[in-house]
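Subject: Structure handover

Hi,

Here is the structure I said I would pass on. Please load it before reading the notes.

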Amino acid sequence: MDISVKFLGGAGSVTGSKYLIDTGDFEFLVDCGLFQGRRELRERNWDKFPMPLDQMEAIILTHAHLDHVGYLPRLVKQGFTGPIYCTEATAELAKILLLDSGKLQEEEAEYARKKGYSRHDDPQPLYSMEDAEKVFPQFVPCDFEIPIEINPNIHATFYHAGHILGASIVKIVIQGDQQKKRLVFSGDLGRYHDPILFPPTRIPKADILWIESTYGNRVSKKIKPEDELRDAILDTFDRGGLVIIPSFAIGRTQLIMYYIFQLMEKGKIPKVPVFADSPMGINATELYMKFKTDHRLSAVLEEDEAHPFDFPQLKYYKNQEESKSLNEFRGNAIIISASGMATGGRVLHHLYHHLPNERNGIIFVGFQAEGTRGRRIVEGEKFVTIYGQQVAANAKVYQVESLSAHADQEELMEWAEGFCEKPKMTFVIHGEEESSEELALKLKTELGWNTIIPNYLESVMLFEGI
């Protein structure tokens, strides 16, 4: 048996993660992400999949973020009919995420058609809500740490990755004619001291390793995340301003609510209105109540008293009328709204109305990919395009990197040091060029690993005749 991999995404960028494993008579995909950020990346989403889909047998997902699951409706629409294996929480979160993604793409296509700012005469969504729903019957929910059979010679096991609810490190064991080989995919690794999620599980052995490098060249500040968040909020309130936090609906929104609740309870920030303006974020929060064994908050959420997802100042806004009522809001309050990189969603109309006001504060709490609106705002551009119009970026911008859900360089190295033996090959993936290069060099010089930074669409032979 020969085993190879083709890098269909997540190589040379932090988006579009897709890794096609070919064992000769069985082909499967690990992750199925959407490309985001620069136009040349986004345009890849429209390309035809580079293999006949009736030859692909299965998909395995690490977690439910768009850059790992967002291409599923497109793939199913093109003819993929096989099973999609993932943890139970990932399946439920992916359903919420994909429906929201389909809805946003329909709305954006319609808005572009109406306003005439698209390059196309009749702009179409990449996929619709109906396309998203067609994916759901193919999900196969799996438990953590219990091997599942993908086919008689291939078994997969999911381990806690600590990135978002349900996120996993995936170990795939392939039994050849003569040998057994272990492929390990880190997925996106979380923080070791996250107050909500379990830390990434250490895996002792891997023949081939895929390790993410989103923050491969960054070491987080030693300041506590809640202190950094507090300082940004108080600084904005001192100006009489409104705080807007663009936040990923899954994972980051819940962490932000946790810290804001803690800061208010300890008297470190005033008890002002907190608006969670993200239907998807609200639905995702409810899943924390359902999957209590997947995180650390079980005891807290069972108490009758106020808790991070239900306290007096917190108001959940589901419909557009409620959301639009915040357009004219002035004064001290906090709005948490998706998307985290300001690429779409309700946060755009909050930025449209509040970004020009120099009293306001925009707090970015996660990685901002190259080419995204969030990245341009963080880098200090004076005007950004929202809804086809130039909007002045006068509000003060804060970036609280310690609130990122991604492991930094030190944490990535700590996880890597958990392996008892050197992998035969380590692919450094899911990072921008500088980030991947620095992590690859560090793994090579400090651990003596054979590191490879793959290119988009590159194919690599992993094993011959096992």
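Below are the notes, from the whole chain down to single residues.

This is a predicted model, in which local features need pLDDT of at least 70, side-chain atom pairs count only at pLDDT 80 or more, and totals for chains, interfaces and linings use all residues. Residues are numbered from 1 along each chain as its sequence is written, and side-chain values use heavy atoms, with hydrogens and water left out.

**Whole chain**

The chain has 14 helices and 22 strands. Both are DSSP runs, numbered from the N terminus: helices are H or I with at least four residues, strands are E with at least two. The radius of gyration, taken over C-alpha atoms, is 22 Å. The globule rule (2.2 Å times the number of residues to the power 0.38) gives 23 Å for 466 residues, so the chain is as compact as a globular protein of that length. Along the principal axes, the C-alpha atoms fill a box of roughly 70 × 50 × 40 Å.

Of the 466 residues, 59% are buried. Buried means under 20% relative accessible area, exposed over 50%, and partly exposed in between (1.4 Å probe, protein chains only). The accessible surface is about 18,700 Å², and carbon and sulfur atoms hold 46% of it. Those areas come from the Shrake-Rupley method with a 1.4 Å probe; for residues, only the protein chains shown count as cover. Among contacts (heavy atoms within 4.5 Å) with a separation of 6 or more, 74% join residues 24 or more positions apart.

**The seven-stranded sheet**

One open sheet has seven strands in the order S6-S5-S4-S3-S2-S1-S22, with mixed pairing. Two strands pair if DSSP finds at least two bridges between them. Strand S6 (139-142) and strand S22 (459-463) are the edges, each pairing on one side only. At the S6 end, strand S5 (residues 84-87) runs parallel to S6 over four bridges. There, tyrosine 85 sits opposite valine 140.

**Cysteines**

How many disulfides does the structure hold? Zero. A disulfide here is a pair of cysteine sulfur atoms within 2.5 Å. For cysteine 86, the nearest cysteine sulfur is that of cysteine 142, 6.6 Å away. That is too far for a bond. Cysteine 86 is buried, at 0% relative accessibility. Cysteine 142 is buried too, at 6%.

**Strand S20**

Are the residues of S20 (residues 425-429) buried or exposed? Five of its five residues are buried. Met425, Phe427 and Ile429 point one way, while Thr426 and Val428 point the other. In a regular strand, side chains alternate between the two faces of the sheet.

S20 has these parallel partners:

- Strand S11 (residues 208-212) pairs with S20 over five bridges, and glutamate 212 stands opposite isoleucine 429.
- Strand S21 (residues 451-452) pairs with S20 over two bridges, and phenylalanine 427 stands opposite isoleucine 452.

**Leucine 165**

Leucine 165 lies in the loop between strand S8 (154-160) and strand S9 (168-175). Its relative accessibility is 0%, so it counts as buried. What does leucine 165 contact, leaving aside its neighbours within four places in sequence? The residues are Ala89, Leu93, Leu197, Leu287, Tyr288, Phe291, Asp294 and His295. Aspartate 231 is 66 residues from leucine 165 in sequence and 27 Å away in space, C-alpha to C-alpha.

Best wishes
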